[in-house]
Amino acid sequence: MSALVQHPGYEEESLQRVSGQLPCREVQAGMLLSLMGQPHQYSYPSIFIYGHRSSGKSHVMHVLLKELQLPHATVSCVECLSVAVLFEQVLLSFFSCDAASLLPRSPSLSDFVRVYRQQCSQCPAKQTRYIVMEKAELLRDADANLLPALLRLQELVEDNVTVILLSEIVWDKFRPNTGCFEPLLLHFPDYSKGELQQVLSRDKHPSYSAEFYSSYINILLGVFYSVCRDLRELRHLAALNFSKFCEPLAEGKVKETDTHKLWRNIEPHLKKAMGTVYLREVSSLQWEQMQQMEEKDTGAVRGLSAHTHVELPYYSKFLLIAAYLASYNPARTDKRFFLKHHGKIRKTNFLKKNEKTSNHLLGPKPFPLDRLLAIFYSVVDSRVAPTASIFSQISSLVTLQLLTQVSHDDQLDAPKYKCAVSMDFICAISRTVNFEIVQYLYDFL
């Protein structure tokens with residue numbers, strides 16, 4: 001591996017440490033080192049590194065700058081609420097706290113350049129200084145002159161400084177209409193399945209052999225690779241489910257080599273966890289407690305998705321119930337279910353040719369917003385004012401993919417939705433608010 005990360009300006013021992021910490025990213029690290037050049041040489045003014053989330057961009061930069069002991073300032077654009085915070089972090093990293101105090105209360109870009117040049121005259125750079133901007137896509141929302149200035153900061157401050165931008169989007173989305181200095185581009189591709197296997201296998205448990213943990217990672221990737229290729233998320237799932245994978249081994253029922261029996265034990269748990277990928281609905285401890293409760297109570301609704309109602313606000317539960325009723329009940333039955341004096345109406349009078357089949361077999365039907373709110377105010381057990389909070393909770397349900405908006409985004413006067421949850425899911429939510437939803441479903445009359 002060390003043969004891939006080589007550069008004449010750095011010690012071989014340091015490069016070997018870099019290679020050991022960057023599995024499957026030696027090629028990108030070597031290309032980055034070739035762009036950066038030797039420490040005492042002038043580097044290119046700006047480098048743009050892009051790639052999907054968890055492709056190793058920040059990790060490679062952190063390891064290179066730390067192990068090779070290069071002067072640098074790492075700035076997260078998420079934490080920089082203003083350009084003043086950005087300027088202060090750069091000056092504090094390269095110089096001293098006295099340099100940051102020279103900035104005015106609301107510094108402009110020219111103030112930052114002036115202070116930087118003053119400090120450079122007193123403390124000239126012996127090596128290339130690097131400014132690493134994480135989440136650089138947020139710079140597009142900053143002042144129009146900030147991004148072009150950072151790209152040519154080396155020219156403005158007359159110092160050996162290189163700005164490295166880390167982003168999840170391509171450079172074409174950054175380029176201003178007025179033009180700017182073009183940085184060097186370096187792409188970090190996604191990890192392949194074999195590379196994920198190699199990286200995740202390095203986190204082996206000390207109580208078990210490397211081959212045993214590698215076989216567990218192989219099973220995990222066989223389930224999750226088609227829906228998730230995020231290294232951090234896969235690492236979280238691996239740590240979360242490993243204890244369940246080892247249960248038969250700890251009880252002495254199987255051996256480490258009995259992969260088939262271990263797979264049969266862990267398969268249902270991995271399938272349940274697949275429904276919670278990228279969602280932090282509960283903590284890891286709560287997830288383990290839920291698994292234990294399921295084993296004791298086999299009659300309860302199974303799967304983590306049945307417990308997601310715990311995280312929903314009170315009125316969001318009733319909004320979801322109202323949405324389910326609107327999706328699976330014909331519109332003209334609302335009078336029967338939600339009015340006190342509706343008269344005696346037989347179910348046969350409602351039947352049409354297209355309603356002889358169960359609505360649950362036909363699937364959810366779209367409904368307008370006003371019908372959803374009308375049912376909501378009928379089923380909720382207290383008087384609720386139509387405030388902005390109610391409408392924001394509807395948007396949250398759409399974001400959580402519990403509701404689906406079927407109308408166009410620009411249709412503001414009468415948006416339409418469909419309910420996207422199952423019967424078991426809505427029954428579990430109804431039980432938490434003591435609402436008998438079956439009594440209000442047309443199919444169960």
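Mentor: A nonpolar core is a set of buried Ala, Val, Leu, Ile, Met, Phe, Trp, Tyr and Cys residues joined through side-chain atoms within 4.5 Å. We shall apply that to this chain, bearing in mind that the model is predicted.

Trainee: Which residues have the most contacts inside the largest nonpolar core, and how many residues does that core have?

Mentor: The largest core has 38 residues, and Leu320 and Ile437 are those with the most contacts inside it. Helix H14 (314-328) is among the elements that give two or more residues to this core, as are helix H18 (388-399) and strand E8 (416-419). With 10 residues, H14 gives the most. A second, separate core of 35 residues includes Leu86, Phe94, Met133 and Leu139. In soluble globular proteins, nonpolar side chains tend to be buried together.

Trainee: Which residues does Ile437 touch, if those up to four places away in sequence are not counted?

Mentor: Ile437 touches Ile321, Tyr324, Leu325, Ile426, Cys427 and Ser430, where a contact requires heavy atoms within 4.5 Å.

Trainee: Why is Tyr44 assigned to its class of accessibility?

Mentor: Buried means under 20% relative accessible area and exposed means over 50%; Tyr44 has 31% relative accessibility and therefore counts as partly exposed. Tyr44 is placed in the loop between H2 and E1.

Trainee: What makes the approach of the Tyr44 side chain to the backbone oxygen of Glu182 close enough for a polar contact?

Mentor: The side chain of Tyr44 reaches that backbone oxygen at 3.4 Å, and the cut-off for a polar contact is a pair of N or O atoms within 3.5 Å, so the distance meets it. Glu182 is one of the residues in contact with Tyr44 beyond its neighbours within four places in sequence, the others including Leu35, Gln154 and Phe181. Pro183 also belongs to that list, and although Tyr44 and Pro183 are 139 residues apart along the chain, their C-alpha atoms are separated by 8.2 Å.

Trainee: Why are strands E2 and E5 said to stand at the edges of the sheet?

Mentor: The 5 strands form an open sheet in the order E2-E3-E4-E1-E5, with parallel pairing. Strand E2 (72-76) and strand E5 (184-187) each have a single partner strand, so one side of each is left without a neighbour in the sheet.

Trainee: How do you know that E2 and strand E3 are paired?

Mentor: Pairing requires at least two bridges between the strands; 5 bridges join E2 to strand E3 (residues 129-134), so the two count as paired, and they run parallel. Within E3, Tyr130 stands opposite His72.

Conventions. Residues numbered from 1 in each chain as written. Predicted model: local features only at pLDDT ≥ 70, side-chain atom pairs only at ≥ 80, totals over all residues. Heavy atoms only, no water. Helix = DSSP H or I, 4+ residues; strand = E, 2+ residues; numbered from the N terminus. Buried < 20%, exposed > 50% of the residue type's maximum accessible area, 1.4 Å probe, protein only. Polar contact = N/O pair within 3.5 Å; in protein donor to acceptor, adjacent residues only side chain to side chain.
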